[in-house]
2 protein chains.
Amino acid sequence: ASHVDIQDTFKILIATDIHLGYMEKDAIRGNDTYNTLEEILKCAQTNQVDFILLGGDLFHENKPSRRCLHTGITMLRKYCMGDSPILFNILSDQAINFNTSKFPWVNYQDENLNISIPVFSIHGNHDDPTGAEGLCALDLLGSCGLVNHFGHSQSVEKIQISPILMQKGSTKLALYGLGSIPDERLYRMFVNNQVTMLRPKEDQDEWFNLFTIHQNRSKHGPTNYIPEQFLDDFIDLVVWGHEHECLIAPTRNEQQLFYVTQPGSSVATSLSPGEAAKKHIGLLRVKGRKMNLQKIPLQTVRQFFIQDLVLADYQDLFTPDTPQVTKKVEDFCYAKVIEMIEEAERERLGCDLTPEKPLIRLRVDYSGGFEPFNVSRFSQKFVDRVANPKDIIHFVRRREQKEDIKGLTQTKYTGLRVEDLVKQYFEKVQLSLLTEQGMGKAIQEFVDKDEKDAIEELVSYQLEKTQRHLQARGVTTEQDIDAEILRFRNSKKNTTEEDEEIREAINRAKAHRLERGDNLQGLDMSDELADVAMDSDEDPAPVAPPTRGRGRGRGRGSRGRGRGELS
Amino acid sequence: ASHVDIQDTFKILIATDIHLGYMEKDAIRGNDTYNTLEEILKCAQTNQVDFILLGGDLFHENKPSRRCLHTGITMLRKYCMGDSPILFNILSDQAINFNTSKFPWVNYQDENLNISIPVFSIHGNHDDPTGAEGLCALDLLGSCGLVNHFGHSQSVEKIQISPILMQKGSTKLALYGLGSIPDERLYRMFVNNQVTMLRPKEDQDEWFNLFTIHQNRSKHGPTNYIPEQFLDDFIDLVVWGHEHECLIAPTRNEQQLFYVTQPGSSVATSLSPGEAAKKHIGLLRVKGRKMNLQKIPLQTVRQFFIQDLVLADYQDLFTPDTPQVTKKVEDFCYAKVIEMIEEAERERLGCDLTPEKPLIRLRVDYSGGFEPFNVSRFSQKFVDRVANPKDIIHFVRRREQKEDIKGLTQTKYTGLRVEDLVKQYFEKVQLSLLTEQGMGKAIQEFVDKDEKDAIEELVSYQLEKTQRHLQARGVTTEQDIDAEILRFRNSKKNTTEEDEEIREAINRAKAHRLERGDNLQGLDMSDELADVAMDSDEDPAPVAPPTRGRGRGRGRGSRGRGRGELS
């Protein structure tokens, strides 16, 4: 892609899941997401791209803090406004493309704004629209003209995706987007033939069709993901957001005959193997119907190293019967962590933009009679060298399935992970815990004010809090959980009257949600799973082998999916 | 001011306390503040003003909702961007004027923004800066270039106010601003000679000096307001925000020889007499050293009528011994309210922009042996005709001091007002109530994350909630409060462990605040008082009678206040 005719070539910077504001209050990691956003915007500027395309979750929180919004706005204004001319036109009806905006036109055509790099973004599950107005954090950036939020379907029944039709020189690009929708609902809509992608009537073969989506790509349940096969086969390239592992090199779907690029997040929001893959963004060039995607490694991303340790594999060093075995195990883990830190240091040599302290995770399988050692004491030794001292060690039990971190394949622990612990703890103490920390308020807002995301927010807030709480107390086993719960219950003598009120409110809330076709508990849990188990790049097995050559404009697909045309 | 030379005349739209987002979730009043902001901006556009000057509290909430921010941004972009040329220059060092911004220059000189009406605003006590970054809601509007936030002093020790020096034709305008600071702290700083207003070295007599401030103007306590005498006498006009009563016609301070205009809020945020004054904004013209302030009545403001009723004054109609006296009193009040509604209807004739349902408040003094009637049943009769059916009637006791609503003088009830009830209730149940509804969370955020406004937020949230709660239950007497508290206490068996934790956290928080020179309880209570008792226009009595003619540039003032010069 070095000497293509620049006048006919779209240069698009592709990134996703920037999660602005993630851990912003952490003393060490607080600026990570801000630094990386800046790196991404600088990169777009340096490469003089035509536009930036984001695949959702620009914001980590549905309601970002003031600092987060302020930083986002400031950076976009700094890097995306200026005098560089925009060299492509938009041919589609912008009032349709940006139908949820009060300024339904692309920002660079607004005569009051001098935009140098337009940003196009769909919303993710973290920054999805809520409230009576159906606004999301992106819409704030949209209202001040810094982002073009597209792909926001307002119906929960039926989706019609109208592309933004762009032309640069002779190249025609149709940009489709679909903001995050609960996977199961979208799955159902696909199955029920309620998702239509509109196409221009004329010259269909001339368009390069680019589709951005923010959904589960790996299968989390029978209908809790979107199979690639659901997507229209006229698409040329899918930019898949939401999945955090960087698998940015386009992979070909041999059934649908399109390519999928999964840029992955630009920050690790969990300490799972998928997040340990080196983070990249992409520079996509499209000329005519040809494309090229150049990987650009991100330099501001904090290093993350993860290793597994099965204690039973080191019988020459210790067995459960060895005197002072727990101390020996701890020393062994200490050495392993030091090794990882040193590896990180070597790798970081010369990378001035990379933060000093790496993220380190050692997963220790202690099945076979070993005892976990005291994690908080262990953590103390690394406060100066590691960005996440408190959760370096992760005890797990009974490895039932071999896993291969290096290969980054789907991992399955049947032992307890922190996430599992949280889930269990959460389910067990449920109502009383919720009561304790603000559920009353959430319920009241929900019922009184139709603040429909109050409960979801609270639940995810609780999950996060609980996780930190358990980690802080070094809870690693099921017994520990029970002890914790006992402690909690003893510390609280529930009253009947208030619990009754809350229970009633919850029931009303649930009924309301069910009417709307949601499932509160399921929704949040699946959300949580999505974050912790996205370390997979296994595509679902194709239903049928590819039997046809690449064809366009044909009415294909056994599901008889609706195929629309733009008027 | 009709035929002044337009090229030399600053035209400035003056408004304050717009309280965007106030009651935005109310079904009837939800859009009031948005409609009025739009009216104000349209008015600025129609009158082709040079700029808009706001005196603080543009936002009602410190952390405005997404809808509120979105609406604010959208309207400012709609009305304040465009092609009208800006006809004045800024001569001062903008890096100093806008020193808290990442874009420290006036928005209309930003080459990437096409601004037609620059907005200059100080922050109020509702939208004041918080958090480690010292950001306020205005700064979000600032970061996207829609507002010029000025007058934000970063020191808590010493304040130096550098004016924005503007020139239009031959007229020179020095715009000073000081964003809201707790009154007692600012009082102390004035007394300790720590407030300096810088002046240009050259041609001091040529400047028109305009000062915007957002503080208590009426005396709420010995040091809980800012006496006009504290302000420098070289000032020509003070635009006084925070006080909600519209007293926009400039009044002359005969000691300091400057004028003060108090535009008042553009929405009634309490049902007190001061808020019943007709709401206006101002069109200020400044040419050379002369000024003219034109009052512009706001048409979108919801009507508010308030009346007092002393039952003991109607002995010909009923006494406490009259059979069915309470029913008779209720009927009498009903007739009064109907009268007020009809008066509102007559007044609204032809005013298409004015909302249909008025705010009505009837203060019923039932001292002398009368009993209050059931307020909630009464309210039911007015749900279709009044915007605030639930709190029309306000029972008070023992009128000790005559008050004159028409004259809008300082009112002093020694009986119980809703606000007093709330305060009492709040103080009595204090800790347990806080624990109940989320204090744990607030404390945790406060202590863990330095989220220093979390508690303040919660306290004000609690005050509001409690007020609604008490109103809903028809609590109007002290006995009722005690009953409520008993009910509450019985419904809750406090645990020792958690209360201890919370108490400790509160103590730590308090200590932290005291260090910073704040007083948590005092701060919030005074805040609350400010809102409910701002129905006064009495200036504090001058310390000494005016004895001198208007003079400039002299080292005056017995307090020996620092007088600075701009370099």
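In chain B of this predicted model, helices α1(B) and α2(B) cross one another in a right-handed sense. Helix α1 spans residues 32–46 and helix α2 spans residues 66–80 of chain B, and their axes come within 10 Å and cross at roughly 15 degrees. Because angles under 35 degrees count as roughly parallel, α1(B) is described as roughly parallel to α2(B). On the side of α1(B), the contact is made by Y34(B), L37(B), E38(B), L41(B), K42(B) and Q45(B), while α2(B) contributes T71(B), M75(B), Y79(B) and C80(B). Sorted by character, the residues of this contact comprise six nonpolar, two polar and two charged.

Further along chain B, helix α4 covers residues 137–143 and holds D139(B). This residue, D139(B), counts as buried because it has 25 C-beta neighbours inside 10 Å, where 20 or more are required. When residues up to four places away in sequence are not counted, D139(B) touches H149(B) of its own chain and also H70(A) of chain A. The C-alpha atom of D139(B) is separated by 7.4 Å from that of S101(B), although these two residues are 38 residues apart along the chain.

Turning to chain A, the unreviewed UniProt entry lists H126(A) under "active site". In the model, H126(A) is placed in the loop between β4 (119–121) and α4 (137–143) of chain A. With 27 C-beta neighbours inside 10 Å, H126(A) counts as buried. Leaving aside neighbours within four places in sequence, H126(A) is in contact with H19(A), D57(A), F59(A), H60(A), E61(A) and N62(A).

Definitions and conventions. Residues numbered from 1 in each chain as written. Chains lettered and ligands numbered in written order. Predicted model: local features only at pLDDT ≥ 70, side-chain atom pairs only at ≥ 80, totals over all residues. UniProt positions renumbered as here; feature names shortened; annotations may be inferred. Helix = DSSP H or I, 4+ residues; strand = E, 2+ residues; numbered from the N terminus. Buried ≥ 20, exposed ≤ 12 C-beta atoms within 10 Å, placed from the backbone. Contact = placed C-beta atoms within 7 Å. Axes fitted to C-alpha atoms, helices over the stretch in contact; angles between N-to-C directions. Parallel < 35°, antiparallel > 145°, perpendicular 65-115°, else oblique. Left-handed = near helix turned anticlockwise from the far one by under 90°. Nonpolar A, V, L, I, M, F, W, Y, C, P; charged D, E, K, R; others polar.
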